[in-house]
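Load the model in your viewer and show it as a cartoon. The stops below can be selected one after another.

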Amino acid sequence: MFNKILIANRGEIALRIMRACREMGIGTVAIYSEVDRDSLHVRTADEAICVGPPPARDSYLNEVNIIGAALITGAEAIHPGYGFLAENTRFVEICESHGLKFIGPSADIIALMGNKAKARLVVEKAGVPVLPGSGIVEDEKEALFFAREVGFPVILKASGGGGGKGMRVANDYDELKQLFNIAKLEAKSFFNDDRIYIEKYMPHLRHVEVQVVCDEFGNAVHFGERDCSVQRRHQKIVEEAPCIAVDLELRNFMGDMALRAARAVDYKNVGTVEFLLDEEKREFYFIEMNTRIQVEHPVTEMVYNIDLIKEMIRVAAGMKLEYKQRDIMPEGHSLECRVNAEDAASHFSPSSGKITMLDLPGGPGIRVDTHLFQGCVITPFYDSLLAKVISKGATREEAIHRMSRALREFRIEGVVTNINFLRRILNDAFFAQGDINTSYLEKNQILFEFAKVPEVVPAY
Ligand code: ADP
């Protein structure tokens, strides 16, 4: 096992990883930007090194300084968390060439799954269902050809995309013609990769993703599914496990397919295979695989009573999985709400400032993953996630009631948050019935009241 791990991240996920390390008796090194000097993740770590000025490209993405920090402190491994360098193949290679273990899959797997058009083809070949679509489309003519094949509406997606960005829906030929070059330009500017592909657009399905854990000896298990259908502009807001539309038989089937996708690329460490689920037909389609820990991992931890960060560390240290698939069963129900520093009443514009008052929720069945403390300063430099409130109940109904209660207890002053927006969702009759799909918020009165203008919020 490692003696010391450097955590190449900030915020709640840096703290989450440190907590796992400490419970495992592993020393921790934090990195921070100049503006994060007083952050909780810095105070919590055994050692902390400043890696640069506030902009992420100069600090949390500063590969040279981060590798230097690991070497100076004698860290043996680097945990990237999510975002920042978590899916950066060059960084993984640099870690390896300096004898540092990257806690995650290898650079080739990240590269393959990061090329979403290629990943589609690879998993399809392995027998995993995918939506009708294309590989990389070179020009407008080819895009029109595939659109005709799969039928409108279609979605143009950036092959190197992520975070819900770089997607455009075309309802007919004219729209496709108009959007093709726009989509390419957007892909280039967001991801520095202008390759795009086409999929059949299916707006009324659920986003259901399967958590997999694979060791370095070919053993692989899945920890069921999460329903992340409550999204705003393709970005997740409320997540839950299990998905109420998935029974044991479907769970086994989706789990097998997720493992098939993982095995097709000889996957190592934790990962998430994302599907769109048509619950009426009981059919599902692969959309992508995320090669890192996800923001919403706690809901799986709550219902499967595991610690996914510890699993990542154990696998990276060369330990074998100790699970048998037949013993892995969900128990109860868990929800996660993402509390963001954004003003839902003002087009979800980002908010920053000093937290002048803070009461965090607690009590039975509530977990809060956060880096907040009274007096901390929320800057505009990084993503807007302030806290994840996670509830667990014996039933979905109890998990909802606990979440509603926790969101009422959550009092924060100094920045504007989306807590009232989350409370509205929790009180919604359709949500209570579990009648949700990826268009749920867009079609619902809640969103019309709260958000009328588009905006971009980073998400992972
Ligand atoms: P990203 O990597 O940016 O998160 P994904 O491919 O995982 O992109 O898709 C994010 C979300 O976009 C999905 O959860 C879903 O809401 C929507 N989406 C993606 N592909 C389709 C599709 N073919 N039809 C309908 N919605 C889609």
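Two strands count as paired here if DSSP finds at least two bridges between them. This is a predicted model, and the tour starts with its parallel sheet.

**Stop 1: the parallel sheet.** By that criterion, five strands form an open sheet in the order 3-2-1-4-5, and the pairing is parallel. Select strand 3 and strand 5 (101-102) to see the edges, since each of these strands pairs on one side only. Then move to strand 1 and strand 2, which run parallel and are joined by four bridges. To look at one bridge, pick Ile 7 and its partner in strand 2, Ala 30.

**Stop 2: helix 3.** Helix 3 packs on this sheet, where it touches strand 1, strand 2, strand 3 and strand 4. The direction of the helix makes about 155° with that of strand 3. Select residues 63-73 and show side chains: Glu 63, Ile 66, Ile 67, Ala 69, Ala 70 and Thr 73 are buried. These residues lie on the same side of helix 3 because they cover an arc of only 155° around the axis. Turn to the other side of the helix, where Val 64 and Ile 72 are exposed. What do the buried residues of helix 3 pack against? Their partners are strand 1 (4-7), strand 2 (27-33), strand 3 (47-52), strand 4 (77-79) and helix 4 (89-97). Next, select Gly 74, which follows helix 3 and has a positive phi, near 80°.

**Stop 3: the antiparallel sheet.** Another open sheet has four strands in the order 6-9-7-8, with antiparallel pairing. Its edges are strand 6 (133-137) and strand 8 (167-170), each pairing on one side only. From one strand to the next, the twist averages 20°. Strand 6 pairs with strand 9 (residues 196-200) over three bridges, in the antiparallel sense. Select Gly 133 to find one of its bridge contacts: the partner in strand 9 is Glu 199. Now add helix 8 (residues 173-191), which lies across strand 6, strand 7 (154-158), strand 8 and strand 9. Helix 8 runs at about 175° to strand 8.

**Stop 4: the ligand.** Which residues are closest to the ligand? Of the 21 residues that surround the ligand, the closest are Gly 164, His 207, Gln 231, Glu 274 and Glu 288. Three distances can be displayed in turn:

- Gly 164: a polar backbone atom is 2.6 Å from an oxygen atom of the ligand.
- His 207: a polar side-chain atom lies 2.7 Å from a ligand oxygen atom.
- Lys 116: an N or O atom in the side chain is 3.0 Å from an oxygen atom of the ligand.

Key
Residues numbered from 1 in each chain as written. Predicted model: local features only at pLDDT ≥ 70, side-chain atom pairs only at ≥ 80, totals over all residues. Heavy atoms only, no water. Helix = DSSP H or I, 4+ residues; strand = E, 2+ residues; numbered from the N terminus. Axes fitted to C-alpha atoms, helices over the stretch in contact; angles between N-to-C directions. Contact = heavy atoms within 4.5 Å. Buried < 20%, exposed > 50% of the residue type's maximum accessible area, 1.4 Å probe, protein only. Arc of directions from axis to C-beta. Near = heavy atom within 4 Å. Polar contact = N/O pair within 3.5 Å; in protein donor to acceptor, adjacent residues only side chain to side chain.
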